[in-house]
Amino acid sequence: MSSSQSVAVAKDPNIDGGWGWMIVFSTFIIHVITDGVMFSFGVFYQPFLEFFETTGALASLVMSIFVGTCCVAGPLASALVNKYGCRVVSILGTVVSCLGFLLSIFASNIWLLFLTIGVISGVGFGLIYLPTIVSVALHFNLKRSSAMGISMAGSGIGSMAFAPFLEWLISYYGSWKGALLITTGLTLHCFIFSFFYREFEAVVEIPIPLDEEGQPSLTEIQELVDPFGLPLPLTQAQPSRQMSIVGSNIYLRRQSVASNQPGLMQKPDILYFGSAVVEDEATDEETQHLPVVPSTIPSAISSLTAQREPCLGFAKTLREMLRVSLLGNYVFLVFSLSSLLHYFGLTAPLVFIVHRSTEMNIADSSQGSLLLSIMGVTNMLGKVIVGFWADKTKFSRLNIYSILLLVNGVATMMTSLITQYYQMAVYSAVFGLTVGGSLSLSSIVMVDLLGMDSLNNAYGIFLLVTGISTFVGTPLTGIFHDMTGNYDLGFWAAGGMVILGSLLLFAIPPIQKRFPQ
């Protein structure tokens with residue numbers, strides 16, 4: 001037998017199918033829980049205001065720190081996923097977030113909630129969120145856009161269900177503490193769904209060597225299989241998870257493992273929400289042939305899959321995602337400034353719309369919470385519709401992104417004209433649709449502007465910028481309410497910032513022509 005055999009790496013059935021759909025299911029449920037809690041947390045605003053007898057600025061600061069910390073924790077979560085994998089990080093995030101919620105029940109003043117809900121639970125949710133993106137990206141290439149859309153649709157379902165549910169819990173228990181305790185128990189379910197994070201390595205196919213009589217040669221099969229550390233004897237009557245004989249071929253598969261291998265964040269398209277044709281992916285018509293030299297083969301089939309670079313260290317991954325030299329690119333600098341302005345105003349309606357509608361006497365607290373549900377449903381529709389349209393249209397995706405946020409800002413400024421509940425419901429629908437659509441395009445637009453190789457770095461800075469902006473923007477709306485006694489000025493400021501950020505995006509094409517980089 002020669003010292004080198006031709007080994008075909010067949011298409012992995014768990015890429016764009018198979019177990020990948022179980023990953024989509026688990027991440028869908030996790031989005032239902034985490035996004036449902038986060039985007040419905042505005043129902044706690046008035047209970048915090050009354051229980052702690054505090055100002056609107058301080059009560060709103062709880063959610064702004066919560067959401068902002070979740071975003072800022074993105075680069076940290078990336079480094080941890082790169083080092084420990086999706087399952088470990090998601091479980092850690094679940095434990096941390098539940099701990100923060102539990103400690104909040106014993107808070108004696110609003111300042112403690114900044115630490116428990118804002119920082120601790122915010123970091124926990126950030127650690128839960130990133131694995132939902134990475135795990136789907138690991139299992140989908142050609143169908144990634146559809147898989148991401150289904151997975152992230154859980155966000156809208158969660159917002160629709162959790163807002164009235166949390167409002168009912170607060171009413172049922174007569175206190176926000178009972179509602180938060182139930183929320184803790186629901187969040188704990190993410191621990192179970194984190195165990196779905198596992199990946200199957202590629203199938204390895206080896207032609208069966210035949211002896212002089214045309215029968216399988218067990219001796220040569222033994223020599224072929226030995227380097228992989230798999231047991232023999234094995235016949236067609238002895239199939240196993242690791243190896244099976246089908247027709248004239250031996251199929252080898254590594255046992256399924258938790259997706260905790262190092263270096264997951266090194267994949268340049270790991271945070272890309274769109275579908276792409278991967279050139280090095282084997283198809284049904286073509287298979288890659290890799291030379292396998294028995295004397296140098298490791299004792300695991302994983303070495304036959306696409307070669308991974310050495311694991312980036314934890315600190316190095318953080319540096320890669322937060323490398324500020326990318327801001328030297330004028331296009332990305334403008335995009336970052338526009339994102340800073342956008343998220344200055346995008347969180348305020350989520351926090352204040354329930355209290356605003358009740359304060360205007362156009363709704364009670366239950367009707368107010370339904371506005372958040374409307375936002376959730378239309379958010380989901382926006383992600384699906386805009387994501388699908390962006391894949392099919394020849395219209396600039398940057399312009400679609402800009403127009404969506406421009407409409408959002410104009411609608412927010414016009415809320416001062418609202419006098420009826422149905423008008424506020426229409427605004428909620430417009431807000432959810434435009435925010436959902438813009439979120440589905442964020443990573444796609446960054447790839448269009450900067451290329452796939454810069455996506456991880458760009459997304460890390462994007463998360464940092466949006467987190468900082470959320471910290472500041474939402475409490476400012478509360479301050480304006482404390483000063484004027486209504487939300488008009490705060491919503492004008494929030495909408496104005498979103499409009500300004502959208503107009504700034506229209507300057508990117510001329511900048512690209514003037515400063516090609």
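Is Asn 408 buried or exposed? In this predicted model, Asn 408 has a relative accessible area of 1%, and because anything under 20% counts as buried, that makes Asn 408 a buried residue. You will find Asn 408 in helix α15, which covers residues 397-413. Leaving aside residues up to four places away in sequence, Asn 408 touches Leu 346, Phe 431, Thr 434, Val 435 and Val 498.

Let's step back for a moment and take in the whole protein. Its secondary structure comes to 19 helices and seven strands. Of its 517 residues, 55% count as buried. Among contacts between residues at least 6 apart in sequence, 83% join residues at least 24 apart.

Helix α12 is a good place to go next. This helix takes in residues 330-346, 17 in number, and reaches 24 Å from its first C-alpha to its last, close to the 24 Å expected at 1.5 Å a residue. Because 13 of those 17 residues are buried, α12 is largely enclosed by the rest of the structure.

One residue from that stretch, Phe 335, leads us into the largest nonpolar core. This core has 86 residues, and Phe 335 joins Phe 41, Phe 44 and Phe 48 as the members that touch the most others. The greatest contribution to this core comes from helix α16 (residues 421-450), with twelve residues. Both domain 1 (7-202 + 316-322) and domain 2 (325-516) take part, each giving at least three residues. Looking at Phe 335 itself, and again not counting residues up to four places away in sequence, you can see contacts with Tyr 401, Val 445, Met 446, Leu 449, Phe 462, Leu 505 and Ile 508. Apart from this core lies another, of 26 residues, including Cys 86, Leu 130, Val 134 and Val 136.

Now for the enclosed spaces. How many cavities of 30 Å³ or more does a search of the whole structure find? The search finds three, and the largest has a volume of about 690 Å³. Its lining is made up of 35 residues, of which Met 38, Phe 39, Cys 71, Tyr 343 and Leu 439 are the closest to the centre. Several helices supply at least two lining residues each: α1 (20-39), α3 (56-72), α6 (110-139), α7 (144-173), α12, α14 (365-392), α16 and α17 (455-484). Two of these names will be familiar by now: α12, the largely enclosed helix, and α16, which gives the most to the largest nonpolar core.

Terms used: Residues are numbered from 1 along each chain as its sequence is written. This is a predicted model: local features need pLDDT of at least 70, side-chain atom pairs count only at pLDDT 80 or more; totals for chains, interfaces and linings use all residues. Side-chain values use heavy atoms; hydrogens and water are left out. Helices (H or I, at least four residues) and strands (E, at least two) are DSSP runs, numbered from the N terminus. The expected span of a helix is 1.5 Å times one less than its number of residues. Buried means under 20% relative accessible area, exposed over 50%, partly exposed in between (1.4 Å probe, protein chains only). A nonpolar core is a set of buried Ala, Val, Leu, Ile, Met, Phe, Trp, Tyr and Cys residues joined through side-chain atoms within 4.5 Å. Domain bounds come from an automatic or database domain assignment. Contact means heavy atoms within 4.5 Å. On a 1 Å grid over the protein atoms alone, a cavity is a set of points where a 1.4 Å probe fits but cannot get out, and a pocket is an open set with protein on both sides within 12 Å along at least five of seven lines; lining residues have an atom within 4 Å of a point. Grid points are joined across faces, edges and corners, and a volume is the space filled by probe spheres set on the points.
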